[in-house]
Amino acid sequence: MIRVEDSNNEAYHINPEQVVYVKERVMSTGKQFKILLSTGEVVMTQNERGARMIIKCMLVRCQIDELDMLTG
């Protein structure tokens, strides 16, 4: 579980396996990340560290899935 805060300072504990995608936006106030969950819920956050951790978890999961497909 990875904790990120939204623009209302509400904390979300996100399971990276439930994330569809993470979109990064560069804004005048800094970077903002849009996290789409499999439930359709969207979390907007400026927590770059949390967003990057989610992306890394997604990449690792993707690599494991590819390895499983190759090894049968």
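The following exercises, with worked solutions, concern the sheet, the nonpolar core and the salt bridges of a predicted model.

Residues are numbered from 1 along each chain as its sequence is written. In this predicted model, local features need pLDDT of at least 70 and side-chain atom pairs count only at pLDDT 80 or more, while totals for chains, interfaces and linings use all residues; side-chain values use heavy atoms, with hydrogens and water left out.

**Exercise 1. The sheet**

Determine the strand order of the open sheet and identify its edge strands.

Solution.

1. Strands (E, at least two residues) and helices (H or I, at least four) are DSSP runs numbered from the N terminus. Two strands pair if DSSP finds at least two bridges between them.
2. The open sheet has three strands in the order E3-E4-E5, and the pairing is antiparallel.
3. Strand E3 (19-27) and strand E5 (42-45) pair on one side only, and are therefore the edge strands.
4. On average, neighbouring strands of the sheet are turned by 15° against each other, direction ignored. The axes behind this angle are lines fitted to C-alpha atoms, for helices over the stretch in contact, and angles run from 0 to 180 degrees between N-to-C directions.

**Exercise 2. The pairing of E3 with E4**

State how many bridges join E3 to E4, and give the partners of Tyr 21 and Arg 25.

Solution.

1. Strand E4 comprises residues 30-37, runs antiparallel to E3 and is joined to it by eight bridges.
2. Tyr 21 has Leu 36 in E4 as its bridge partner, and Arg 25 stands opposite Gln 32.
3. The connection between E3 and E4 is a hairpin through two residues.

**Exercise 3. The nonpolar core**

Which elements give two or more residues to the largest nonpolar core?

Solution.

1. A nonpolar core is a set of buried Ala, Val, Leu, Ile, Met, Phe, Trp, Tyr and Cys residues joined through side-chain atoms within 4.5 Å. Buried means under 20% relative accessible area, exposed over 50%, and partly exposed in between (1.4 Å probe, protein chains only).
2. The largest such core has twelve residues, among them Ile 2, Val 22, Phe 33, Val 43, Ala 51 and Met 58.
3. Strand E1 (2-5), E3, E4 and helix H1 (48-71) each give two or more residues to this core.
4. Beyond its neighbours within four places in sequence, Phe 33 is in contact (heavy atoms within 4.5 Å) with residues including Val 22, Val 43, Glu 48, Ala 51 and Arg 52.

**Exercise 4. The salt-bridge network**

Trace the network that joins Glu 24, Lys 31, Glu 48 and Arg 52.

Solution.

1. A salt bridge is a side-chain nitrogen of Lys or Arg within 4 Å of a carboxyl oxygen of Asp or Glu. The structure holds five.
2. Glu 24 bridges to Lys 31, with the closest N and O atoms 3.4 Å apart. Glu 24 is partly exposed at 35% relative accessibility, as is Lys 31 at 32%.
3. Lys 31 also forms a salt bridge with Glu 48 (3.5 Å, N to O). Lys 31 lies in strand E4 and Glu 48 in helix H1, so this pair ties together parts 17 residues apart in sequence.
4. Glu 48 forms a salt bridge with Arg 52 (3.4 Å, N to O). These two residues are four apart in helix H1, which means a separation of about one helical turn.
5. Through shared partners, these salt bridges join Glu 24, Lys 31, Glu 48 and Arg 52 into one network.
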